[in-house]
Amino acid sequence: MTLKTPDEYYESIQRELNLYMFGEKIKQFWMHPIILPSINAVKKIYELAQKEEYKDIMTTVSHLTGEIINRFTHIHQSTDDLIKKVQMQRLLGQHTACCFQRCVGFDTANALYSVTFEMDKKYGTNYHERFKEYWIEVQNQDLMVDGAMTDPKGDRSKRPSQQHDPDVFVHVTEQNDDGIIIRGAKIHQTGFVNSHRAIIMPTLALREGEAQYAVCFGVDTNAKGITIIYGRQSCDTRKLEEGKLDVGNYKYGGQEAFVIFDDVFIPNKNIFMNGEIKFSGELVNRFAGFHRQSYGGCKVGVGDVIIGAAALIAQYNGTDTASHVRDKIVEMIHLNETLYSSGIACSALGYPRDAGNYEMDMLLANVCKQNVTRFPYEIGRIAEDIAGGLICTLPSEADFTSEEVGPLLKKYLTTSNDVCPEDRYKLLRFIECMSMGVAAPSYKTESMHGAGSPQAQRIMISRQADMDKKIKFIKEILDLE
Ligand code: SF4
Ligand code: FE
């Protein structure tokens, strides 16, 4: 059986990393209270894949081995696979209300599968077979793989080779018969700490003279020379407090990190691009396309939970029958389902690449992500509107449970005999967490900048829109020259 249980996953990531947080080296990160919720989110993927009711969504048959695999390791073989991917991401968002971190490597693999095939066709290299071998190991061991794209980039007005420091773009520093040596950094690394492996990609389309930056490879997250510095999230130290309720979503959470490569050796078998500048832009675009499709699933699932929270707090507050509240809930649903529509649409219009794997429709995937840069903010704004100002004035859990003032808080937080004040407290904290607490980066800022900032989608939308055709339509209708 290729599927890992949640416990097997948890055991398998228990190896020392060169990881820092708050200026200190972290030992046994898998026990750390700030990191545990993000491990729980990934464990949920492994848990749902074990369940009969989610079998069709969470697992599939590998076209490489014929084995049953977790869908997060699948190479899409049809538009049905693309649709199920988005449905699976919505499902996970609904069960975790956070970023569950496993999609980046999944999207990288699907982009790399076709790009390596096309590179081999043009240059006679053997990247595609290498990548398949690498990915069969991932499927057979049900590994979690991070995908790494974003370099620090230094001065944005300059090309990689013009930077004050060559290391602000990941690059090859040495090459020999056995492999390459890598230096540089990747930032915003979702789930790197919880992953077994990572695939590192170039960050932009490269030009003549920039071959050392056109590099893609697989690496173990605990490889020699890698330093990881954990990213802060708003209110993260609430996870270190004695109680748990002030965290909001106290079970699950996303995570990001700075990852630094200080002369890391990569053996030939794990190199999937090395100097092929003409394909670097294609790899970036295809990965971005797949990941923009992903957001039409994951953020919708999180949106479902927020809509549920807004509807429930309205009941607790006694405002649920007010017509304007009902209308606001409808607006939230409308926005959320609009996101889902473009996630499903870009999947349904997918098509096969020469390598045989299916890719989403690039224009609609970019439209999907462009909407994701806006609608979660509006959904969150309405949730705050419905919840009321208590989400940012509520005293701490320690006060709520204290012998002296706890009963007073409970007395004045009780809205009716049917509503337990603890439940109302939890729900208000959850909405605070999604709006401005530890989950806000995952629902809002990640919606803005994850898989590329809004302008990146607008560039792709303008490229993909086929304006000549639109002008031809009007010319034909009006008999224009
Ligand atoms: Fe997956 Fe969404 Fe997290 Fe990206 S932001 S890794 S698509 S859950
Ligand atoms: Fe993301």
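Colleague: Where does Ser195 lie?

Modeller: Ser195 sits in the loop between strand 7 (179–186) and strand 8 (197–200). Strands are DSSP runs of E, at least two residues, and helices are runs of H or I, at least four; both are numbered from the N terminus. This is a predicted model, in which local features need pLDDT of at least 70, side-chain atom pairs count only at pLDDT 80 or more, and totals for chains, interfaces and linings use all residues; side-chain values use heavy atoms, with hydrogens and water left out. Residues are numbered from 1 along each chain as its sequence is written, while chains are lettered from A and ligands numbered from 1 in the order in which they are written.

Colleague: Why is Ser195 called buried?

Modeller: Buried means under 20% relative accessible area, exposed over 50%, partly exposed in between (1.4 Å probe, protein chains only). Ser195 has 0%, so Ser195 is buried.

Colleague: What is Ser195 in contact with, leaving aside its neighbours within four places in sequence?

Modeller: Contact means heavy atoms within 4.5 Å. Ser195 meets Arg15, Met144, Val145, Asp146 and Thr221 that way.

Colleague: What makes Tyr295 and Glu446 partners of the iron ion?

Modeller: Donors are N, O and S atoms within 2.8 Å of the metal (3.2 Å for Na, K and Ca); water is not among the atoms, so sites may look incomplete. Tyr295 (OH) and Glu446 (OE) coordinate the iron ion (ligand 2) at 2.3 to 2.7 Å. Tyr295 belongs to helix 7 (residues 277–317) and Glu446 to helix 14 (residues 440–449), 151 residues apart.

Colleague: Are these two residues buried or exposed?

Modeller: Tyr295 has a relative accessible area of 4%, so Tyr295 is buried. Glu446 has 12%, so Glu446 is buried.

Colleague: How do you know that strand 5 and strand 8 pair?

Modeller: Two strands pair if DSSP finds at least two bridges between them. Strand 5 and strand 8 have 4 bridges and run parallel, and therefore count as a pair. One bridge partner of Ala148 is Ile200, in strand 8.

Colleague: Which order do the strands of this open sheet follow?

Modeller: The 4 strands run in the order 5-8-9-12, with mixed pairing. Strand 5 (145–148) and strand 12 (271–274) each have a single partner strand, so they stand at the edges.

Colleague: What makes a nonpolar core?

Modeller: A core is a set of buried Ala, Val, Leu, Ile, Met, Phe, Trp, Tyr and Cys residues, joined through side-chain atoms within 4.5 Å. The largest one holds 75 residues; Trp135 and Ile228 are among those that touch the most other members. Helix 5 gives the largest share of this core, 7 residues. A second, separate core has 44 residues, including Phe400 and Val438.
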